[in-house]
Amino acid sequence: MEKHILSKSTFIRGNQCLKSLYLNKKRPFLRDRISPGQRAKFSRGHKIGDMAQQLFPGGIDMRPKSPSQYQKRVLEVQHIINTNMHEVIYEVSFQYDQLLAILDILVKGNDGWTAFEVKSSLGISDTYILDAAFQYYVITNSGLQLNDFFLIHIDPDYEFEGQPEIDKLFKKASVLDEVLKLQEYVKEQAAREKEALKLEKSPAIEPDGHCIKPYPCDFMGHCWKKIPLEQRPQVSYGSEKFYDFLKKIQ
Ligand code: SF4
């Protein structure tokens, strides 16, 4: 199997800015450094995904141990699905047309397979829906039909003391209707991003408000270096209140 060109995160990066996608692939040394504090916040967010697996216990974890395992995992997942070996699978790799999607949780019910993607957030954003649409596009075109696609996020109204109950901590929301409407867009945007990666020079994109939406770009130090500090957008890596909430449950 050929190596993938785009993953879910690079697809979302390219959707925000084709230059960011290009620099990330071809000039990664230009990326801004992340402070230890920011890194700690990101890793707390990643642990939420592991907690949400307890909503569907007893599954097999197919998380690739390194990037070199991605395509091997895709084939192993295909085998597990084709032979009905497991009904719950975590960190499930799929590939189609050199696009790689690693889904958090895949569950087989009486009517077929349902996808669940976990978000370390208190709600659902347009970017999360686009990210789900990318995964749905890859999974279904690789040959697996899905009954539904859910995003799982933290219930902002759940109040607790000590350790939370997992089934009350998380909320599930079907985003299938929105995801289906975005399938053509995902196809076209993936083609645009693949073309951008073939360029000899980075795309000529001027820095502006898109550099912080939906995420602060990690090439701002490079692109904004000639612009006075006071004219640069204010970067936020998430609310302190939310990270305090994450600390409480871990
Ligand atoms: S800083 Fe802005 S223009 Fe530069 S790569 Fe990032 S998003 Fe694109």
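This tour visits a helix pair, the surroundings of the ligand, and three backbone sites in a predicted model.

**First stop: helix H1**

Select residues 8-16, which form helix H1. Its buried residues are Phe-11, Arg-13, Gly-14 and Asn-15. To find what they pack against, display strand S1 (6-7), helix H2, helix H5 (126-141) and helix H8.

**Second stop: H1 against H2**

Keep H1 in view and add H2, residues 18-26. Two packed helices are described by the angle between their axes and the distance between the axes. Here the angle is about 135° and the axes lie 5 Å apart, which means that H1 is oblique to H2. On the H1 side, colour Thr-10, Arg-13, Gly-14 and Gln-16; on the H2 side, colour Leu-18, Ser-20, Leu-21 and Asn-24. Together these residues make the contact between the helices. Sorted by class, the contact comprises five polar residues, two nonpolar residues and one charged residue. Arg-13 and Gly-14 take part in this contact and also belong to the buried residues of H1.

**Third stop: the ligand**

Next, centre the view on the ligand. Which residues should be selected around the ligand? The selection consists of Cys-17, Lys-19, Ser-20, Leu-23, Ile-205, Pro-207, His-210, Cys-211, Cys-217, Phe-219, Met-220 and Cys-223. H2 and H9 each supply at least two residues of this shell, and the largest share, three residues, comes from H2. The shell has nine nonpolar residues, two polar residues and one charged residue. Ser-20 links this stop to the previous one: the residue lies around the ligand and is also part of the contact of H2 with H1.

**Fourth stop: Lys-213 and Pro-214**

Move to the peptide bond from Lys-213 to Pro-214. Most peptide bonds are trans. This bond, however, is cis, with omega near 0°. Pro-214 is found in the loop that runs between helix H8 (183-196) and helix H9 (220-223).

**Fifth stop: Asn-84 and Gln-98**

Finally, select Asn-84 and Gln-98. Most residues other than glycine have a negative phi. Asn-84, although not a glycine, has a positive phi of about 55°, and Gln-98, also not a glycine, has a positive phi of about 65°. Asn-84 sits in the loop between helix H4 (70-82) and strand S3 (88-96), whereas Gln-98 sits in the loop between S3 and strand S4 (99-109). Is Asn-84 buried or exposed? Asn-84 counts as exposed because it has 8 C-beta neighbours inside 10 Å. Gln-98 has 13 other C-beta atoms within 10 Å and is therefore partly exposed.

Technical notes. Residues are numbered from 1 along each chain as its sequence is written. This is a predicted model: local features need pLDDT of at least 70, side-chain atom pairs count only at pLDDT 80 or more; totals for chains, interfaces and linings use all residues. Helices (H or I, at least four residues) and strands (E, at least two) are DSSP runs, numbered from the N terminus. A residue is buried if 20 or more other C-beta atoms lie within 10 Å of its own, exposed if 12 or fewer, and partly exposed in between; C-beta atoms are placed from the backbone. A residue is near a molecule or strand if its C-beta atom, placed from the backbone, lies within 6 Å of it. Ala, Val, Leu, Ile, Met, Phe, Trp, Tyr, Cys and Pro count as nonpolar, Asp, Glu, Lys and Arg as charged, and the others, Gly among them, as polar. Two residues are in contact if their C-beta atoms, placed from the backbone, lie within 7 Å. Axes are lines fitted to C-alpha atoms, for helices over the stretch in contact, and angles run from 0 to 180 degrees between N-to-C directions. Angles under 35 degrees count as roughly parallel, over 145 as roughly antiparallel, 65 to 115 as roughly perpendicular and the rest as oblique.
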